[in-house]
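Visitor: Hello! Could you walk me through this model, one question at a time?

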Amino acid sequence: MAEGDNRSTNLLAAETASLEEQLQGWGEVMLMADKVLGWERAWFPPAIMGVVSLVFLTIYYLDPSVLSGVSCFVMFLCLADYLVPILAPRIFGSNKWTTEQQQRFHEICSNLVKTRRRAVGWWKRLFTLKEEKPKMYFMTMIISLAAVAWVGQQVHNLFLTYLIVTFALLLPGLNQHGIISKYIGMAKREINKLLKQKEKKNE
């Protein structure tokens, strides 16, 4: 058991080191993004929503085709991948990189690796469910996809994408400030109350 844990820890450290090397040019930007997404200042959440709203209003106004939208998005990613490593040290100053910043950068990369592992783990569990319980797998997939299709039919695509992107960008701050755990705890308490009331009625 201990040998397996050590192997997993060493593999995590190796994957984190590899990701750090790949994202070294993005270090300053990632630290700034971490501060914004973590709501280090009170005005960061409304700023996030404002920027996202402005971007989606621009898309709504321009009304590009799917091909044009995808092409522009990929072009933006290519430009960012080329320009950020060049401009970031000049803007933020690479000579100001401290031990604390390096440690935080390491933690961010470690969290990204763990998130990727969780996603792969869920994907593997899905295929395990398909092999072990094919009927449950197909029923779950059909019901889930039908529900998503129904939501997509009821809500405008662009507005739905706006809600998803906004929630995804606010999620780290919500999680870091304990807002999600707070409301999940409240929901669990209410559910437990309802179950207890139902048990009393049955008695």
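Guide: Gladly, and let us start with a helix pair: helix 5 and helix 6 are oblique to each other, where oblique covers any angle that is not under 35 degrees (roughly parallel), over 145 (roughly antiparallel) or 65 to 115 (roughly perpendicular). Keep in mind that this is a predicted model, in which local features need pLDDT of at least 70 and side-chain atom pairs count only at pLDDT 80 or more, while totals for chains, interfaces and linings use all residues. Residues are numbered from 1 along each chain as its sequence is written, and side-chain values use heavy atoms, with hydrogens and water left out.

Visitor: At what angle do the axes of helix 5 and helix 6 cross?

Guide: Axes here are lines fitted to C-alpha atoms, for helices over the stretch in contact, with angles from 0 to 180 degrees between N-to-C directions. Helices are DSSP runs (H or I, at least four residues), numbered from the N terminus, and strands are E runs of at least two. The axes of helix 5 and helix 6 (residues 134–154) come within 5 Å, and their crossing angle is roughly 125°.

Visitor: How many nonpolar, polar and charged residues make the contact of helix 5 with helix 6?

Guide: Contact means heavy atoms within 4.5 Å. Helix 5 brings L126, L129, K130, E131 and E132, and helix 6 brings P134, M136, Y137 and M141. With Ala, Val, Leu, Ile, Met, Phe, Trp, Tyr, Cys and Pro as nonpolar, Asp, Glu, Lys and Arg as charged, and the others, Gly among them, as polar, the contact divides into 6 nonpolar, no polar and 3 charged.

Visitor: Is M136 buried, partly exposed or exposed?

Guide: M136 sits in helix 6. Buried means under 20% relative accessible area, exposed over 50%, and partly exposed in between (1.4 Å probe, protein chains only). At 45% relative accessibility, M136 is partly exposed.

Visitor: Which helix gives the largest share of the largest nonpolar core?

Guide: A nonpolar core is a set of buried Ala, Val, Leu, Ile, Met, Phe, Trp, Tyr and Cys residues joined through side-chain atoms within 4.5 Å. The largest has 8 residues: L12, L19, M30, L31, F105, I108, C109 and V113. Helix 1 (2–22), helix 2 (27–37) and helix 5 (99–132) each give two or more residues to this core. The largest share, 4 residues, comes from helix 5.

Visitor: What is the phi of W39?

Guide: W39 lies in the loop between helix 2 and helix 3 (44–62), and W39 is buried, at 15% relative accessibility. Most residues other than glycine have a negative phi. W39 is not a glycine, yet its phi is positive, about 60°.

Visitor: Is D63 buried or exposed?

Guide: D63 is in the loop between helix 3 and helix 4 (66–93). Its phi is positive too, near 50°, in a residue other than glycine. With a relative accessible area of 61%, D63 is exposed.

Visitor: Which residues does T166 touch, not counting those up to four places away in sequence?

Guide: T166 belongs to helix 7 (residues 157–176). The relative accessible area of T166 is 8%, so T166 is buried. Beyond those sequence neighbours, T166 touches M49 and V52.

Visitor: How far apart are the end C-alpha atoms of residues 159–180?

Guide: An unreviewed UniProt entry annotates residues 42–62, 68–88, 136–153 and 159–180 as "transmembrane region"; positions follow the numbering used here, feature names are shortened, and annotations may be inferred rather than shown by experiment. Residues 159–180 are 91% helix and 0% strand, and their end C-alpha atoms lie apart by 23 Å.
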